[in-house]
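Please open the model in a viewer and keep the selection panel at hand. The tour proceeds by selections, each followed by a description of what is found there.

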Number of protein chains: 2
Amino acid sequence: MKNYFENDPWKIIERGFDPRFNKASESICSIGNGRMGQRANFEESYSGEKLQGSYLAGIYYPDKTRVGWWKVGYPEYFAKVINSVNWIGIRWVINGEELDLKNCDVSDFVRELDMKRGLLTRSFTAKLPGGEEVKVRTRRFYSMTHKDLGLIDYSLEPLNFSGKITIIPYLDFDIYNEDSNYGEQFWEGTGQRADIDRSFVQAKTKKLDFEARATMACRVFAGGDKIMESFSPADKESYVEHSLEVDAKQGQVLSIHKHVCIVSNYYYDTGDFEKVSHDQLDKSLELGFEKMLEKHFMVWEEKWKKHDIVIEGDVAAQQGIRFNIFHLNQTYTGEDPRLNIGPKGFTGEKYGGSTYWDTEAYCLPFYLSSADKKVARNLLKYRFNHLGKAIENAKKLGFSAGAALYPMVTMNGEECHNEWEITFEEIHRNAAIAYAIFDYTRYTGDEDYIVKYGLEVLIAICRFWAQRVNFSKPKQKYVMLGVTGPNEYENNINNNWYTNYAAVWCLRYTLENLEKLKKDDHSAFSKLVIKTSFDEKKETEKWRDIVENMFFPTDSERDIFLQQEGFLDKEIKPADQLPADQLPLNQNWSWDRILRSCYIKQADVLQGLYFFEHEFSKEEVERNFDYYEPITVHESSLSPCVHVIHAARLNKMNRAYELYLRTSRLDLDDYNKEVDEGLHITSMGGTWMSVVKGFGGMRVADGELHFNPKLPDHWTACKFTVLFRGRLIRVSVFRQHTEIMIIDGSTATLWLFGQKVVLEPNQQFETNNPGR
Amino acid sequence: MKNYFENDPWKIIERGFDPRFNKASESICSIGNGRMGQRANFEESYSGEKLQGSYLAGIYYPDKTRVGWWKVGYPEYFAKVINSVNWIGIRWVINGEELDLKNCDVSDFVRELDMKRGLLTRSFTAKLPGGEEVKVRTRRFYSMTHKDLGLIDYSLEPLNFSGKITIIPYLDFDIYNEDSNYGEQFWEGTGQRADIDRSFVQAKTKKLDFEARATMACRVFAGGDKIMESFSPADKESYVEHSLEVDAKQGQVLSIHKHVCIVSNYYYDTGDFEKVSHDQLDKSLELGFEKMLEKHFMVWEEKWKKHDIVIEGDVAAQQGIRFNIFHLNQTYTGEDPRLNIGPKGFTGEKYGGSTYWDTEAYCLPFYLSSADKKVARNLLKYRFNHLGKAIENAKKLGFSAGAALYPMVTMNGEECHNEWEITFEEIHRNAAIAYAIFDYTRYTGDEDYIVKYGLEVLIAICRFWAQRVNFSKPKQKYVMLGVTGPNEYENNINNNWYTNYAAVWCLRYTLENLEKLKKDDHSAFSKLVIKTSFDEKKETEKWRDIVENMFFPTDSERDIFLQQEGFLDKEIKPADQLPADQLPLNQNWSWDRILRSCYIKQADVLQGLYFFEHEFSKEEVERNFDYYEPITVHESSLSPCVHVIHAARLNKMNRAYELYLRTSRLDLDDYNKEVDEGLHITSMGGTWMSVVKGFGGMRVADGELHFNPKLPDHWTACKFTVLFRGRLIRVSVFRQHTEIMIIDGSTATLWLFGQKVVLEPNQQFETNNPGR
């Protein structure tokens, strides 16, 4: 699918219609406003291949688990982000014939996502089977100012005929989910009413009683003048429509503005649905489509001021990074602490759940650097609030005494993944949750969080590690048997270096913070001991013993860390020798073959060296990078970004650049051949990191920000801003020199290329880039 | 459930009705004749807990695969033995009230399976809610002489009333399968007709077009006299009934003989169904219930002459072994080479498929020793016929050049298991299929099979091993990564000793036989080379290299073989320290906990030492037995039998006895808490081995039979017969001495306690048992 979309700094442009890529394009051009999301489905009928999808934040369905062979501990259900009311539909019947691109000759087709302004547009000329030609233009957005509103402007011009055209805007809640384990419908209608002016459909989920209502009001214009607003209403179960027959004249543009308000009981009382919806629609109609759009644009303008990354000299790279930032901002705004960042955001059904370790490992840095610290703190609090459920989850798996195992996938704190090798064994997620506390504290300097909330979570996680290891007699060391690391192309392995290291790090970090608290605030410490029934002596002794005596697999010949024990028994061949027709491996090789091969989905030794970079020498990182990078196939969307960060630091700029394209254009170029299912939203946080931490070389040390920028050869400049402890800092990297400026906030000490810089607000510092 | 059934040498007796154990008892008391099987469901209506089940040999359903996470290589469907027409139903309506034990006071309830004669009987007194008391007796069997016929005699006596009784025999093909992945019905009706005299229902499976018809004819007797045969017929979709209202008199026994003929297109053309059914019913009615029963008994009498094992002094042990032999004989008679031995036979729906490695590893010896050699040869041919599919299966998983991986579970040669750690990794099944060729040849002396069929299979299996291993640089040995051994409580492990050893054995055995053939019959050898595109030099060199350089994990300290690499890193605690409420582990522990524990489902090192006993010293076997036995939880039905064989040989008679009870009474005492789902048919072959190879000490060496019998303390005698190369040999072991006799066939050399004995037919040899 490479080069299907045109390169453009601000837009995603699909020029010409290829039905084979329609689902991909629907994903790519999705729109959202943090509360709702909509795939770029067509408004008019389309009988070709598509994945219809409208999603509402916070609303999910506990779909009965489907497994082949039940295992003790599997959850009863899998929580899924679900398709919801189809609010975009507008049928066009032209001289008795349905407008459906499947059956038309289509020309001049353009589908375009304007990322600068958050607007989806489409235009095309279609020749119907009867010979009528029409020219269509559409615009669609979810309002960023009125978060329950979605607006559509759809116009159609009869090019070569005059005749009868019936316009039928509708709302349809009788919808299906592709990802339904037993083909069940998740929604059942709770009412609908079609009136001349406004109509609504309402439904609730068959479990959990989520309820939502969509209400529409439409205006039709002919040649620019409003012609009428009294449609013929009709309804059936979970469906309403307005129908208007028009005597259309050749050359005269017909257009319809469809204003839709969608509300749910996640935000409103069901009893208030009607009033809220009408109030909002009143406002929207009063302002009209264009004014509403203008207000929406202004919000995006503000967002880009904080979040934009400019890359000069390389349009594909520029488009890639903006695409990532745009979708992250569409998905999670940080305003609602109950929400989190689902791996597909609001762009598809796959994966379900809303929260994976992705949030802590790949998304937190973006929000730390581009939003108020309360956004990141909310992400941490989300896990704190789920601590009880994580302890329950560990108990189910045989752990005791307040040990916590956070879920692999969750909506409400309960585990809902069901594949033993991941659900029960991919326990490194616990470490990422602990690491996020460290990362947050290091970046923000906010020590309050760890005292009030963090330590409780850390103690429970340490208790898990302490029970999960066992002492090996032959090794005279603690070992961790039967785990799956971040590299999911190995299952049920022993002594995964990453997991062992991260567990020991957790224990160390917790021990340090407990000591600090005991010294700094004994009463808080005592309270914590009581609240967590902490047996200080016994537990800390055991933890220290593990810290001191953990086994780490290494290869002394190459002086590298081994992904797991026995890794060197494999046949090692660089991934670039794999025939192209066998990639991606996970779509071509049976699972056992993948498992026993050396190929790595995402390199977890390198993940560990990224997390804990400050504990290793650059040479150590380089030796491991050189060993693992060539056998990594990057079939996890979360893989390339970490490699970019290492590669840039190690001056492997070509590889860094290649992998930057892979992470930033993962979906745009469909590297993993699955974009039709939806976008990889969480990995977009990783893309952001690959620029700021990778090419920008940003690190925090001792409460101060360091930059070591390096440009790939293709770029003439790269400019980004980060928020750090109340200051908005702009970094502009050019081929020969780098500029740095505090554009908002007070004086601060920064480090550029290892050089200390004390900067006043709005004062620019600039220095030549060092040779590599 | 221990002691729920009464101990009896020939019968399974359930005295008193406990609805909690009804499903278990339905399994235990199942009847079958190799062509059909029926759980011991009630004939009259029963609204309590039950698992209705009637099964037809060879008829299965490819149920769409249900998995949580699809993996490349998974089969599209899982082939299932399916519930079929309910042919046993007879409703009784007494003064307008349905006879249903759920709603009655039940007394004197006895359900009894007469294993000597293959007859299921039931009797009870029931008091209906209206106060009517009735005394009921039923008899039921599947004819062993007329294999499409099932017969029921149901009699009822009104004890305390005279009144209206309606008798409604019916056939119902509108049935469900509990084990349906998507709640689908597998059958759809293709016709029914209810006539005064005979009625039928017919249906076919929704996929594969299996079709079956059940036809019934009934006779009703009052006080012994036939009262009428003209019922009121009625029918609806997939259902027919005869209804007869009788003025019943107190004390006068009403009885009905229901003759049912069930035919399928597995055996007959659909066009012949009607004629075949009527012919058979004519015969059955002409002979009548009692005569039909007599002829049936005679077949069982003959079977027991060949198959019986007598254990004296221990009724529980006696009952156990007969229970196993009885069900094996009900399940597979060896007459039809298309059939095989499903793990649940005809007693439940679970597991599906008909063929596992169980057949080769646990069932073949029973048929070798108790039936004509063509039965065992048919079992081997079954795999030969599936060779093409096994090659296809390996190809799907990335193997090339004629390598074969036989399926884990199959109905027609195609894999239908879908759990990666088993389907793709439990590759030791290939070795069992090769071993069966060796076992058959060693036992029968029939060298013809290996030349005509065996070598083709062996070459394909060797090609698989040669590709499945890889050369480890650090070890400078061949390794086999990512397998699951027979101990399924370890998944995706490296260098499983059993699999590595069995693979090397396969290569050796094949190389030897190829050399032999090349020498003995060069033209046959050349044909084989052409047929299999065998690259003699290249392939045999590679195989020899693997044979010489395979890695085997061992523990030099204890001088034992290690189940897999790294096994000693586990925490090792004997299984008898496990709290009872955590057993069986697989119903109480999450999978990861089982995997990282030391506990063994079935000890695969010991399985290897059983298969290849002739290649190891007794001391080696003992050291390994002493290490692995205490950590084996025997949660595979296939586990204890092998341990009995070792334990008896090693003079650990108490453990041998305990484990003999566990294997022989596995279902009767429900050790694994799952007998309600059906019986463990294939493990019954293992039970037979545990007596004949365990306590009987039978082995074959150099074409001659050796016995080293040992009695457990509880037994006063153990007598069994084996067929060996045309001779029927009877072995009778008493406390002090052992007798041996050829009761059919010519003179032969046998070995008893290491002593050579040349026996004439009908001459008895007897010797004192040696001290232990």
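Is the crossing of α2(A) and α3(A) left-handed or right-handed? The model on display is a predicted one, and this pair of helices is the opening stop. Select residues 273-307 of chain A for helix α2 and residues 315-331 of chain A for helix α3. The two helices cross in the right-handed sense. Their axes come within 11 Å and cross at roughly 120°, and α2(A) and α3(A) are therefore oblique to each other.

Next, display the side chains at this crossing. From α2(A), the contact involves Trp300(A), Lys303(A), Trp304(A) and His307(A); α3(A) contributes Arg322(A), Ile325(A), Phe326(A), Asn329(A) and Gln330(A). Sorted by class, the contact comprises four nonpolar, three polar and two charged residues.

Move now to chain B and select Asn329(B), which lies in helix α3 of that chain, residues 315-331. Is Asn329(B) buried or exposed? Its relative accessibility is 4%, so Asn329(B) counts as buried, the cut-off for burial being under 20%. Apart from neighbours within four places in sequence, Asn329(B) touches Met144(B), Trp300(B), Lys303(B), His307(B) and Phe366(B).

Remain in chain B for a second helix pair: α10, residues 497-520, and α12, residues 536-549. These helices pack at an angle of about 140°, and their axes are 9 Å apart. α10(B) and α12(B) are therefore oblique to each other, and their crossing is left-handed. On the α10(B) side, select Val504(B), Leu507(B), Arg508(B), Thr510(B), Leu511(B), Leu514(B), Glu515(B) and Lys518(B). On the α12(B) side, add Glu536(B), Thr540(B), Trp543(B), Arg544(B), Ile546(B) and Val547(B). This contact has seven nonpolar, two polar and five charged residues.

Return to chain A and select helix α16, residues 639-649. Why is α16(A) described as largely enclosed by the rest of the structure? Ten of its eleven residues are buried, so the helix is largely enclosed. The buried set consists of Ser639(A), Pro640(A), Cys641(A), Val642(A), His643(A), Val644(A), Ile645(A), His646(A), Ala647(A) and Ala648(A). To see what surrounds these residues, show α4 (358-370), α14 (604-611), α15 (618-628), α17 (653-664), α18 (681-695) and β26 (699-701) of chain A, against which they pack. Just after α16(A), look for Asn651(A), which has a positive phi of about 65°.

Two of the elements that pack against α16(A), namely α14(A) and β26(A), are the next selections. In α14(A), eight of the eight residues are buried, so this helix too is largely enclosed by the rest of the structure. Among its buried residues are Asp604(A), Leu606(A), Tyr610(A) and Phe611(A).

β26(A) leads into an open four-stranded sheet with mixed pairing, ordered β26-β27-β31-β32 in chain A. The edge strands are β26 and β32 (755-759), each pairing on one side only. On average, neighbouring strands here are turned by 35° against each other, direction ignored. Select β27, residues 704-707 of chain A, to see its antiparallel pairing with β26(A) over three bridges; within this pairing, Arg699(A) stands opposite His706(A).

For the final stop, select strands β5 (60-64) and β6 (77-81) of chain A, which pair in the antiparallel sense over five bridges. Asp63(A) has Phe78(A) of β6(A) as its bridge partner. β5(A) is mostly covered, with four of its five residues buried.

Definitions and conventions:
Residues numbered from 1 in each chain as written. Chains lettered and ligands numbered in written order. Predicted model: local features only at pLDDT ≥ 70, side-chain atom pairs only at ≥ 80, totals over all residues. Heavy atoms only, no water. Axes fitted to C-alpha atoms, helices over the stretch in contact; angles between N-to-C directions. Parallel < 35°, antiparallel > 145°, perpendicular 65-115°, else oblique. Left-handed = near helix turned anticlockwise from the far one by under 90°. Contact = heavy atoms within 4.5 Å. Nonpolar A, V, L, I, M, F, W, Y, C, P; charged D, E, K, R; others polar. Buried < 20%, exposed > 50% of the residue type's maximum accessible area, 1.4 Å probe, protein only. Pairing = 2+ DSSP bridges.
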